[in-house]
Amino acid sequence: MTHFIAKASFAALIALASNPFAAPTASASEWGRAPAVDAQYRPVYACSPVQAVQKARWTGLRYARVTNVTPRRLVVSGRNYRGWDRMVFANVRGCPLIRR
């Protein structure tokens, strides 16, 4: 009889100990909640060619396209009201204008 009581109490102890660990799993799968997606954030340290072309178009350069990319600069060529022109942007965050 003592062997049965020992096994029953051990089973009850395991059942009580595993109950708190089951609660977060059950609450995470509620209906109506979207599953959490782990998206990795990667900071932007360089000037993207798309951003450089957009800045060139905003400043009045038509038919703007990237003609040269180096680790230090991006060159965007196009037309303005006088003729063919180019703009040089630094290849850092924010695409600052170096020369026009």
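# Briefing: sheet, disulfide and surface patch

Four strands form an open sheet in the order 1-2-3-4, and their pairing is antiparallel. The edges of this sheet are strand 1 (62-69) and strand 4, each of which has a single partner strand, so one side of each lacks a neighbour in the sheet. From one strand to the next, the twist averages 35 degrees. The model is predicted. One disulfide is counted in it, and a nonpolar surface patch includes Phe-4.

**Sheet pairings**

- Strand 1 pairs with strand 2 (residues 73-79) in the antiparallel sense, over five bridges.
- Within this pairing, Arg-65 has Ser-77 in strand 2 as its bridge partner.
- The connection from strand 1 to strand 2 is a hairpin of three residues.
- Strand 3 and strand 4 also run antiparallel, and two bridges join them.
- Val-88 is placed opposite Arg-99, a residue of strand 4.

**Disulfide**

- The disulfide is formed by Cys-47 and Cys-95, with 1.6 Å between their sulfur atoms.
- The two cysteines are 48 residues apart and link distant parts of the chain. Cys-47 lies in the loop between helix 1 and helix 2 (49-58), while Cys-95 lies in the loop between strand 3 (84-90) and strand 4 (97-99).
- A disulfide is a covalent bond joining the sulfur atoms of two cysteines.
- The link of Cys-47 and Cys-95 is right-handed, with 100 degrees about the S-S bond.
- Cys-47 counts as buried because its relative accessible area is 6%, where buried means under 20%.
- Cys-95 is also buried, since its relative accessible area is 0%.

**Surface patch and helix 1**

- Met-1, Phe-4 and Ile-5 make up a nonpolar patch on the surface, and together they have about 400 Å² of accessible area.
- Phe-4 belongs to helix 1, which covers residues 2-28.
- Is Phe-4 buried or exposed? Phe-4 is exposed, because its relative accessible area is 57% and the cut-off for exposed is over 50%.

**Points to locate in the structure**

- For the sheet, the edge strands to find are strand 1 and strand 4.
- For the disulfide, the residues to find are Cys-47 and Cys-95, both in loops.
- For the patch, the residues to find are Met-1, Phe-4 and Ile-5.

Note on methods: Residues numbered from 1 in each chain as written. Predicted model: local features only at pLDDT ≥ 70, side-chain atom pairs only at ≥ 80, totals over all residues. Heavy atoms only, no water. Patch = residues over 30% accessible without salt bridge, like charges linked within 9 Å, V, L, I, M, F, W, Y side chains within 5 Å. Areas by Shrake-Rupley, 256 points an atom, 1.4 Å probe, with all protein chains shown as cover. Salt bridge = Lys/Arg side-chain N within 4 Å of Asp/Glu carboxyl O. Buried < 20%, exposed > 50% of the residue type's maximum accessible area, 1.4 Å probe, protein only. Disulfide = S-S within 2.5 Å. Pairing = 2+ DSSP bridges. Axes fitted to C-alpha atoms, helices over the stretch in contact; angles between N-to-C directions.
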